[in-house]
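Biologist: Could you take a close look at one helix for me and then walk outward from there? I'd like a connected picture rather than a list.

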Amino acid sequence: ANARLLGKVETSPPEAKAYFASPSASPSGTPGQEMPSGNPAILGRQKILVEKQGAIAAQIRALAGEDAVKARFHKAFYGLAIGNVSEEQLGRIGKIPGVKNVYLNPKYRAAVSEAVPFIGADAAWQSADAKGNGLSGTGIRIGVIDTGADYTNPDLGGCFGRGCKVEGGRDFINDDSDPMDDEGHGTHVAGIIASEGAIVGTAPKAKIYAIKVLGSNGSSKDGSVMEGIEYAIDPDDNPATNDMLDVINLSLGANCKKYFDGYTKDCGPDDPLSRMIDTATQAGIVAVVAAGNSGPEAGSIGSPGTARSAIRVGATHKNTAMVTAFSSRGPVTWTDSKGVEQKLDKPDVAAPGNEICSARSLHTESGPEEDGEEQTCIDQRHVINSGTSMAAPFVAGAAAILRQAHPEWAPEQVE
């Protein structure tokens, strides 16, 4: 009863109603939901809804303190992230008019390229798109929702910003515009996708957006992963411009069975983050998510790999089709809000995820010379890691190649 809780508050109306209009063409040219693009009626409704949400946030602060509201969402999920509230306060928050539901907030953690030929990416590079560019990710922007990226690594271009390989991003842990990786996981993931140096990634011509939602300990904070999804939908936070990313990679997850004894509304296909993934997919983003490292037990896929529309990725041993023991297994089975038993047969695909060499961050808190557990490869700027975290970015790179080859395809066609 004395515990301080973290949670998410869903406010009516349901997500996406304010930010998306009728089905149309998304920024990448695929069928999806139309961005407001300056439509006065849509923008006006969005303003009204944000104002109503602000009123609810004010009531929560009055009830539980100024620090209770951690983040607000209005693009892919209409609600708020709250923290440092008691169980009694959480019950009272659930009774505020306009609050539709209250969810407990899982703690998301990182699910810890010589395999490129094994998945056939190098063969795809020999083909060309309609403009004559090799199919290596040219013109495709990929959001790496992770611990950030060490953009000073030569494999990732050595710089940050327009004209660089790591073209953009944001740090939702420290709330600033510099997504430098102080843990290492995101740099490794980004390297598998788009390295172009000592190692060549799956889609080496793609642009990376480093979206830092996990801290130096590899864990999320209140609402940070959800903030990362909303950033991917509208990086410049201007609904009048179409700058939605083409692909997002989430090599992270929460173990629903461990922390919630199975799939529930707080952790599973109907949890807020999984629903945000589904909304982003409807808008036109291809979402690739690591299945998790809780195998070989059945029903061990973590959230947001539980999202209905996500491409969930398991891990195989390098250069073989044998699934690793650690790779999480399906199916995902749960009871929905109407009491009906539901089932998703997942993962969708598996890719190499065991002992993968990729880019290394030299900006971790311990420093490269103190991190004795890491196994370097090639040189001190590369490291070997294993996990479905390493498998997912191979598939994200493959999705980028498909988006370049077929810009008219919807996310479900890419899947």
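Modeller: Sure, let's start with α5, whose buried residues are His185, Gly186, Thr187, His188, Val189, Ala190, Gly191, Ile192, Ile193 and Ala194. That makes 10 of its 10 residues, so helix α5 (residues 185-194) is mostly covered. Keep in mind that this is a predicted model.

A second helix worth your time is α6 (224-233). Here 9 of the 10 residues are buried, so α6 is largely enclosed by the rest of the structure. The buried ones are Ser224, Val225, Met226, Gly228, Ile229, Glu230, Tyr231, Ala232 and Ile233.

What does α6 pack into? The largest nonpolar core has 44 residues, and Ile229, Ile248 and Leu250 have the most contacts inside it. α6 gives the most to this core, with 6 residues. Other elements that give two or more residues to the core include β10 (207-212), β11 (247-250), α7 (256-260) and α8 (272-283), along with β4, β13 and β15. As a rule, nonpolar side chains in soluble globular proteins tend to be buried together.

α6 also turns up at the largest pocket, where α1 (40-64), β4 (69-73) and α6 each supply at least two lining residues. The volume of this pocket is about 400 Å³. Its lining has 18 residues, with Arg72, Phe172, Glu227, Glu230 and Asp237 nearest the centre. By class, the lining splits into 11 charged, 5 nonpolar and 2 polar residues. Glu230, by the way, is one of the buried residues of α6.

Then there's the largest cavity, at about 40 Å³. α6 gives the most to its lining too, with 3 residues. The whole lining is Lys8, Asn105, Pro106, Tyr108, Ser220, Lys221, Gly223, Ser224, Val225 and Met226. That set divides into 4 nonpolar, 4 polar and 2 charged residues.

Now for the strands. β10 and β11, which we met in the core, belong to an open sheet of 7 strands in the order β9-β10-β8-β11-β13-β14-β17, with parallel pairing. β9 (166-171) and β17 (349-352) stand at the edges with a single partner strand each, so one side of each has no neighbour in the sheet. On average, neighbouring strands of this sheet are turned by 25° against each other, direction ignored. For a closer view of one pairing, take β13 (residues 286-290) and β14 (residues 311-316): they run parallel and are joined by 3 bridges. In that pair, alanine 290 stands opposite valine 313 in β14.

β15, another contributor to the core, pairs in the antiparallel sense with β16 (residues 341-344) over 4 bridges. Valine 332 stands opposite leucine 344 in β16. Side chains alternate along β15 (residues 332-335): Val332 and Trp334 point to one face and are buried, whereas Thr333 and Thr335 point to the other and are not. The β15-β16 hairpin has 5 residues between its strands, and glycine 339 takes a positive phi near 85° there.

If you want one element to keep on screen, I'd pick α6: it gives the most to the core, gives the most to the lining of the largest cavity and supplies at least two residues to the lining of the largest pocket.

How values were computed
Residues numbered from 1 in each chain as written. Predicted model: local features only at pLDDT ≥ 70, side-chain atom pairs only at ≥ 80, totals over all residues. Heavy atoms only, no water. 1 Å grid on protein atoms, 1.4 Å probe; cavity = no way out; pocket = protein on both sides within 12 Å on 5 of 7 lines; lining within 4 Å. Points joined across faces, edges and corners; volume = space filled by probe spheres on them. Nonpolar A, V, L, I, M, F, W, Y, C, P; charged D, E, K, R; others polar. Pairing = 2+ DSSP bridges. Axes fitted to C-alpha atoms, helices over the stretch in contact; angles between N-to-C directions. Buried < 20%, exposed > 50% of the residue type's maximum accessible area, 1.4 Å probe, protein only. Core = buried A, V, L, I, M, F, W, Y, C linked by side-chain atoms within 4.5 Å.
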